[in-house]
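Please examine the sequence and the structure shown below before reading on.

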Amino acid sequence: MSRAEKTVFIKSYGCQMNVYDSSRMADILERDGYRAVDTPDGADLIILNTCHIREKAAEKVYSELGRLRSIKQSGKTTIAVAGCVAQAEGEEIIARAPVVDMVFGPQSYHRLPDFLATVETGAKVVDTEFPAEDKFDHMPAPARTRTEARGRTAFVTVQEGCDKFCTFCVVPYTRGAEVSRPVEKVIHEARRLVAMGVREITLLGQNVNAYHGVGPDGRDWSLARLLEALAEIDGLDRLRYTTSHPRDMDDALIAAHRDIDILMPYLHLPVQSGSDRILKAMNRQHTRADYFAIIDKLRAAKPDLALSSDFIVGFPGETDADFEDTLDLVSAVGFAQAYSFKYSPRPGTPAAEADDQIDEAVKAERLARLQALLREQQATFAKSLEGRTLSVLYEKSGRKPGQVIGRSPYLQPVVVNGDESLFGRIESVRITTAGPNSLLADRPMASAASTASLEVPA
Ligand code: SAH
Ligand code: SF4
Ligand code: F3S
């Protein structure tokens, strides 16, 4: 690099797609002489990769920009707002926070070097286009340094955008129409990652199971077919995908859970509500019975499959009876894990215009009840694993010396006694204790002997 080294600090909000995009932005900036750093102080460039999904998420950006004002005053830092708030609010961001030099949406990241050149001339940049080209085609491949720093797992975005238009959701507006990356590009990226030591890949998309990328045969491939092809890669031991929509949970994908050994028995399948009336008002395009039918098929195909979901409480017009239907659905399915939110009206979405908005206090009370039930289910699920043998991919050091943390097939952190030499290994371990946020496990006898002198987890 002929230029003097510069530094960039990137902060990611929101979903895993932003995490992936942030690391790809770091890759493209590295080519321009930027080194990624962990703190904003003194950085030449600060990028906030933002999320617009709920009001709270969007507002976080402005409080962060407030804090960054002092950094900007004390040095010559370029401040950029990327991601979904950038896409949704565009130049309004600069009007509200004049410290910002650049605003650009999720589909423009490959243009970052041009944006930086423009800012150097003293101009501001606002780019919220949806360019025809695929940003990933114009960005360097994932860098070894960042891949290795993440450990042995990696994300690969295979699909972006959404055509579903749920009436509460900003994603179709902030990410644009549904687009799938071609099969060969995905496989090429996966092979590269595996060559760098990655053993687990999670395929990402806002609607990942609507994937329909063009295959080497010129036809559109489904997600099931893509997973089959990825499962052939030597050295790749675990596959996951997220987030799925119930509508796109087709029979081939359900069968993939039965047939592909390395596909982990854990599925995030958001349902949002258990009330048919609310599902309809949300434009989810499926009923509660449809959801149950999918779960039945999945469990028939893969009996040890664990499920996770997303829920919204207090959607406009939600009655007590509707909410009871949600609790009832949760009780009937039994989730290993779940995320639940109070409905947040988002500008420009149809549900925000509805005149039967629910009182904040009612939302809060419903959320508390739902979360209590979900927490109980999560604990029950974890307890059911005690005494069982699970495979664990070791990733990093634990909080206490002599401990290593890995992930179960169900994404739970699993703590064992061991050292760094375990990183990247997959081992079957016996779960001894299920805590609220992690599992404790014993390693198999042969290797446990060599670590017998190490501290036993509390
Ligand atoms: N594509 C995914 C969800 C993406 S957004 C899907 O279709 O399931 C992640 C989660 O945020 C959603 O599942 C929903 O539960 C929540 N969410 C989205 N918009 C919201 C809003 N306006 N208020 C509250 N929660 C919302
Ligand atoms: Fe949003 Fe619905 Fe699309 Fe998911 S499917 S991203 S909730 S519009
Ligand atoms: Fe948020 Fe955009 Fe992801 S709104 S959830 S960062 S797609």
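The following questions and answers concern this predicted model.

Reader: Which residues are closest to ligand 1?

Author: The shell around ligand 1 holds 15 residues. By class, this shell has six nonpolar, four polar and five charged residues. The closest residues to ligand 1 are Phe-168, Gln-206, Gln-272, Asp-310 and Ser-344.

Reader: How far does a polar side-chain atom of Arg-54 lie from an oxygen atom of ligand 1, and how far is an oxygen atom of ligand 1 from an N or O atom in the side chain of Asp-310?

Author: A polar contact requires a pair of N or O atoms within 3.5 Å. In the case of Arg-54, a polar side-chain atom is paired with an oxygen atom of the ligand at 3.0 Å. For the side chain of Asp-310, the distance from an N or O atom to an oxygen atom of ligand 1 is 2.6 Å.

Reader: Which residue has a polar backbone atom 2.8 Å from a nitrogen atom of ligand 1, and what percentage of the accessible area of the ligand does the protein cover?

Author: The residue with this polar backbone atom, 2.8 Å from a nitrogen atom of ligand 1, is Ser-344. On its own, ligand 1 has 540 Å² of accessible area, and the share covered by the protein is 90%.

Reader: Which strands each supply at least two residues of the shell around ligand 1?

Author: Two stretches of sequence meet this condition, residues 306–313 and residues 337–342. In the numbering of strands, they are E13 and E14.

Reader: Why do the buried residues of helix H13 line one face of the helix?

Author: Helix H13 covers residues 320–333 and reaches 20 Å from its first C-alpha to its last, close to the 20 Å expected. Its buried residues are Asp-322, Phe-323, Thr-326, Leu-327, Leu-329, Val-330 and Val-333, whereas Asp-320 and Ala-332 are exposed on the other side. An α-helix has 3.6 residues a turn, so residues three or four places apart point the same way. Seen down the axis of H13, the buried residues line one face because they fall within an arc of 155°.

Reader: Is Asp-322 buried or exposed, and with which side chain does its own side chain make a polar contact?

Author: Asp-322 is found in helix H13. Buried means under 20% relative accessible area, so Asp-322, at 5%, counts as buried. Its side chain makes a polar contact, at 2.8 Å, with the side chain of Ser-275.

Reader: How many Å apart in space are Leu-204 and Tyr-241?

Author: Leu-204 lies in strand E10 and is buried, with a relative accessible area of 1%. In sequence, Leu-204 and Tyr-241 are 37 residues apart. In space, their separation from C-alpha to C-alpha is 5.9 Å.

Notes. Residues are numbered from 1 along each chain as its sequence is written. Chains are lettered from A and ligands numbered from 1 in the order in which they are written. This is a predicted model: local features need pLDDT of at least 70, side-chain atom pairs count only at pLDDT 80 or more; totals for chains, interfaces and linings use all residues. Side-chain values use heavy atoms; hydrogens and water are left out. A residue is near a molecule or strand if one of its heavy atoms lies within 4 Å of it. A polar contact is a pair of N or O atoms within 3.5 Å; within protein, one must be able to donate a hydrogen and the other to accept it, and residues adjacent in sequence count only if both atoms are side-chain atoms. Accessible areas come from the Shrake-Rupley method with a 1.4 Å probe; for residues, only the protein chains shown count as cover. Helices (H or I, at least four residues) and strands (E, at least two) are DSSP runs, numbered from the N terminus. Ala, Val, Leu, Ile, Met, Phe, Trp, Tyr, Cys and Pro count as nonpolar, Asp, Glu, Lys and Arg as charged, and the others, Gly among them, as polar. The expected span of a helix is 1.5 Å times one less than its number of residues. Buried means under 20% relative accessible area, exposed over 50%, partly exposed in between (1.4 Å probe, protein chains only). The arc is that of the directions from the helix axis to the C-beta atoms.
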